[in-house]
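Visitor: I have a structure open and I'm new to it. Can you walk me through some of its contacts?
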Amino acid sequence: MTQQSRQQQPTQQQPIALVVGASRGIGRATAIEMAAHGYRVVGWYRSDAAADAEVARQIADDGGWYQGRRTDITDQQQVREGLSDLRRTDGSLQAVIVSAGITRDGLAGTMSLEAFTGVLQTNLVGSFLVARGALRAMRKHGGSIVLMSSTSGIRGQAGQTNYAASKGGVIAMTQALAKEAAPLGIRVNSLAPGFVDTDMFRAMDPRTRASVTDHIPLGRVGRPAEIARAARFLAGPDSSYITGQTLVIDGGMTS
């Protein structure tokens, strides 16, 4: 784990938030947002330790608390160990936000089985493994789980059969988990962002980016911080009567 010495000393009154995929994009913005609003943030990242350290430095400079951990969410043993460590932390885990995800685009007729199952393994199975562990960790005191879907899970796009299947699965899983978790005082919701200014979007060629933007009624792509604020809302007490829902954040693209 990484932790910056400049961080404020945590107190047991501060709720703990686990942010999965905290080293980049929406996950990074969410970790910063949660820390800025009084959460002790534990961030899981898959491989980029340098990016995780930068998140830790930024949160520390802002007076927050952050601890990073390298965790592959497709490995159930690593997920178990990470959540076990969290349960030994002073205070209680109140929020889990899963923002990790990958794409391997290609037309279905030529898509390899590895490309199809690999995306589902991270985006859907990985989300399940984290959510399953979170239910166990929160079962005595309640909490909130926020999963990351996509507008592709609502309206599948050509070239994204694997991604659309994984994100559509997240929406259905959200509804089922919400029903199971409600008696435990645990809420489960998901976010469905449209195009957001992340590394994934910037990897598109300029012509595609321009075409995408032209089809968004608000005339621009989203910002990671805008998605992060929605994640904090669903994770926190202001949404205490919301569960089993998917909040679409796409600038009106699917309206």
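Guide: Start with helix α1 (residues 25-36) and helix α2 (residues 49-61), whose axes come within 10 Å and cross at roughly 25 degrees. This is a predicted model, where local features need pLDDT of at least 70, side-chain atom pairs count only at pLDDT 80 or more, and totals for chains, interfaces and linings use all residues. Residues are numbered from 1 along each chain as its sequence is written, and side-chain values use heavy atoms, with hydrogens and water left out.

Visitor: What counts as a helix, and what is an axis here?
Guide: Helices (H or I, at least four residues) and strands (E, at least two) are DSSP runs, numbered from the N terminus. Axes are lines fitted to C-alpha atoms, for helices over the stretch in contact, and angles run from 0 to 180 degrees between N-to-C directions.

Visitor: How do α1 and α2 lie to each other?
Guide: They are roughly parallel. That label covers angles under 35 degrees; over 145 is roughly antiparallel, 65 to 115 roughly perpendicular, and the rest oblique. The crossing of α1 and α2 is right-handed, meaning that the near helix is turned clockwise from the far one by less than a right angle (anticlockwise would be left-handed).

Visitor: Which residues meet there, α1 against α2?
Guide: From α1, Arg28, Ala31, Ile32 and Ala35; from α2, Ala51, Glu54, Val55, Gln58 and Ile59. Contact means heavy atoms within 4.5 Å. Six of the residues in this contact are nonpolar, one is polar and two are charged. Here Ala, Val, Leu, Ile, Met, Phe, Trp, Tyr, Cys and Pro count as nonpolar, Asp, Glu, Lys and Arg as charged, and the others, Gly among them, as polar.

Visitor: Glu54 again. Which side chain does Glu54 meet in a salt bridge?
Guide: The side chain of Arg57, at 2.8 Å, N to O. A salt bridge needs a side-chain nitrogen of Lys or Arg within 4 Å of a carboxyl oxygen of Asp or Glu. Both residues lie in α2, three residues apart, about one turn of the helix.

Visitor: Is Glu54 buried or exposed?
Guide: Partly exposed, with a relative accessible area of 32%. Arg57 is partly exposed too, at 33%. Buried means under 20% relative accessible area, exposed over 50%, and partly exposed in between (1.4 Å probe, protein chains only).

Visitor: How many salt bridges does a search of the whole structure find?
Guide: Eight. One of them joins the side chains of Arg69 and Asp85, at 2.4 Å, N to O. This pair links distant parts of the chain: Arg69 is in strand β4 (residues 65-70) and Asp85 in helix α3 (residues 76-87), 16 residues apart. Arg69 is buried, at 15%, while Asp85 is partly exposed, at 24%.

Visitor: Which residues are linked in a network with Arg69?
Guide: Asp85 and Arg88, through salt bridges.

Visitor: Back to helices. At what angle do α4 and α5 cross?
Guide: Roughly 15 degrees, with the axes of α4 (residues 113-138) and α5 (residues 161-181) within 8 Å. These two are roughly parallel, and their crossing is right-handed. By class, the contact has 14 nonpolar, six polar and one charged residues.

Visitor: New topic. Where is Pro15?
Guide: In the loop between β1 (2-3) and β2 (16-20). Pro15 and Gly38 are 23 residues apart in sequence and 7.5 Å apart in space, C-alpha to C-alpha. Leaving aside neighbours within four places in sequence, Pro15 is in contact with Gly38, Tyr39, Arg40, Ser92 and Gln94. Pro15 counts as partly exposed, at 24% relative accessibility.
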